[in-house]
Amino acid sequence: MQLALLIFALGSSFGQEKSVRPGINDPFKDPDVKEYIGKFETESREIYAERKRILEACPVRPGMTVADVGAGTGLFTRMFAKAVGSEGKVYAVDIAPKFIEHIEKTCKESGVKNVITLVCTPISVELPANSIDLAFICDTYHHFEFPHKTMASIHRALRPGGKMVVIDFRRIEGKSREWVLNHVRAGQDVFTKEIVSNGFKLVEEKKFLEENYCLVFEKLEKDRGSKGEQENVEQGPRSAGSPISARLRQYIAANEIAGAVTLVATPNQIIHIDATGNAVLNPSTPMGTDSLFWIASMSKPVLATLLLMLQDEGLLSVDDPVEKYLPEFRELKTMDGKAAQITIRHLLTHTSGLCEITADQARACKTLASVIPFYVAKPVRFTPGSKWVYCQSGINTGGRIAEVVTGEPLEKLLKRRLFDPLGMKDTTFYLTEDQLPRLAKSYRRTDKGNLEVTDISFLNGKSPTSTDRFPAPNGGLFSTALDYARFCQMVLRGGELDGKRYLKADTVKLMTTIQTAGLKTGFTEGNGWGLGWCVVREPQGITAMLSPGTFGHGGAYGTQAWIDPIRKRIYILMVQRANFPNSDGSKVRRGFQEAASEAFANWKGK
């Protein structure tokens, strides 16, 4: 039942560690799910017969996050989902898309909503750092083809003091079945030594099984000294050796960026995530998949989504005049003194003509309400709807409208309506002190080709933790690749994720299709604009590898997120480089998208 992580290799080299059992996972390249249910979920198998006692032996409690590593047919995934309750969650981790699809189907049919599926690689469980309380590895460890690298990734994923339960076959010469002797490469002592060498302490052996043993380990906090960790410090434990990571390392070597997190997803799965290079150059701090980034204008689609949710609820319409909600706009004029009729649609498509405010004015504003008088103090630059000019003030005005119609501050509204339900625990306008160490440092490239530290421009010298500034939906959010992927998956799935609907499918289509007719828009050729989203009209140049209708947004410091609705792909690039000539047209974005498109051109999963 528990399928090992490990099937077919995604590359020919995985660093220094060699496969301990080449070909052991070949039978799982294309598993017959029904056949394996018959093999795994039967009373004649000790693991299945003792499943309740196994669950009792695990240090699991409500609210915990558990990873079922090598989840196979999902028997223990479903049991853990019930044990951790609605406040907890379970990662079902497997390398075989067919098993992941089966788990998703059975969870949906049984109403289980706290399971997150994750496709892993032969060397990594692909879990975010410090994301789980318990790792469960049942009849799977002997299938780890690269045990040190895989254990390093599990060590990284466990929170301080996290536990790991390992169940595997007793392999004893002269006593064990012939199948076990031939199939399992080593016994309990060897496996225990391997696990301990990767930063774990054996806490207890639960002696209630006969053909198998059950060991409980605890994560030790230690320097990067384990074998698997040493081999993965630079590239991280995820997707090492992939063409995506290799391409990013070229840009790091050329001092284009200090480091990056790359992510590729489908509507249902994360199929690639990797942290490459450094989050901080001095002192050298490796990038992590849970590293935080200022995502800048990638905040705009989030605000647009919120406003469209409010439209679905009848609280507003994108065709409403702004003055309906903000009376200050009644006095707004065009350059020739005529009344300027701006709608919410104009705000979201950057066709409002609103003027921007100065840095000093922005610094003086502590709320979105206080910024509005500055926006209406000057006439609009052109007749609303007649031109496309990228407009920060328009998006912030939209944020204020959301506050007015709900009576709730924007930061709390987004947290309640989007971030918390989607599980975007690291997405915020204001970082906490606990989050701050994970924020990737921002760099600019000098004329000599070096990278030097620079500030996050919109903070105006303030700390990312400071609340002494207004929550700016035009570009004020911080987030992680995994958080933003959850948001993108919801949109790609037509406004639904994990059984919860956020937007009507027709509303998502409205939001992500071109609303600017034939107007020329930025920031690269061949684009139009939806409601808060850039939309690729004619793929070319930087978008040549994307389908027509792909939509997304970039950020000032090079972050990118693009959703291809034809190929059903999400491409997320997280970097912190301040002075790209054009962050949407950077060679780093192009290289990432090219490598990602090529790497998953023949992907068969969902």
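## Cavities, strand β4 and Asp94

The second largest cavity holds about 30 Å³ of space. The model is predicted. It contains 2 cavities of 30 Å³ or more, and the largest has about 60 Å³ of space. Two further topics follow: strand β4, which pairs with β1 and with β5, and Asp94, a buried residue in strand β2.

**Second largest cavity**

- Its lining consists of Pro321, Val322, Glu323, Phe329, Ala340, Gln341 and Ile342.
- By class, 5 of these residues are nonpolar, 1 is polar and 1 is charged.
- Glu323 supplies the charge in this lining, while Gln341 counts as polar.

**Largest cavity**

- The lining of the largest cavity is made up of 13 residues.
- Ala258, Gly259, Lys441, Tyr443 and Gln576 are the lining residues nearest the centre of this cavity.
- The class count for the lining is 7 nonpolar, 3 polar and 3 charged.
- Lys441 is one of the charged residues. Ala258 and Tyr443 are among the nonpolar ones.

**Strand β4 and its partners**

- Strand β4 covers residues 132-138. It is mostly covered, with 6 of 7 residues buried.
- Strand β1, residues 65-69, pairs with β4 in the parallel sense. The pairing has 4 bridges.
- Within that pairing, Val66 has Leu134 of β4 as its bridge partner.
- Strand β5, residues 158-169, also runs parallel to β4 in its pairing. Here there are 6 bridges.
- Ile132 faces Leu158 of β5.
- Helix α6, residues 147-157, joins β4 and β5 in a β-α-β unit. The unit is right-handed.

**Asp94**

- Asp94 belongs to strand β2, residues 89-94.
- Its relative accessible area is 0%. Asp94 therefore counts as buried, because the cut-off is under 20%.
- A polar atom of the Asp94 side chain lies 2.9 Å from the backbone nitrogen of Gly72. That separation falls within the 3.5 Å limit for a polar contact.
- Pro122 is 28 residues from Asp94 in sequence. In space, the two C-alpha atoms are 9.7 Å apart.

Notes
Residues numbered from 1 in each chain as written. Predicted model: local features only at pLDDT ≥ 70, side-chain atom pairs only at ≥ 80, totals over all residues. Heavy atoms only, no water. 1 Å grid on protein atoms, 1.4 Å probe; cavity = no way out; pocket = protein on both sides within 12 Å on 5 of 7 lines; lining within 4 Å. Points joined across faces, edges and corners; volume = space filled by probe spheres on them. Buried < 20%, exposed > 50% of the residue type's maximum accessible area, 1.4 Å probe, protein only. Helix = DSSP H or I, 4+ residues; strand = E, 2+ residues; numbered from the N terminus. Pairing = 2+ DSSP bridges. Right-handed = clockwise from strand over helix to strand, strands pointing away. Polar contact = N/O pair within 3.5 Å; in protein donor to acceptor, adjacent residues only side chain to side chain.
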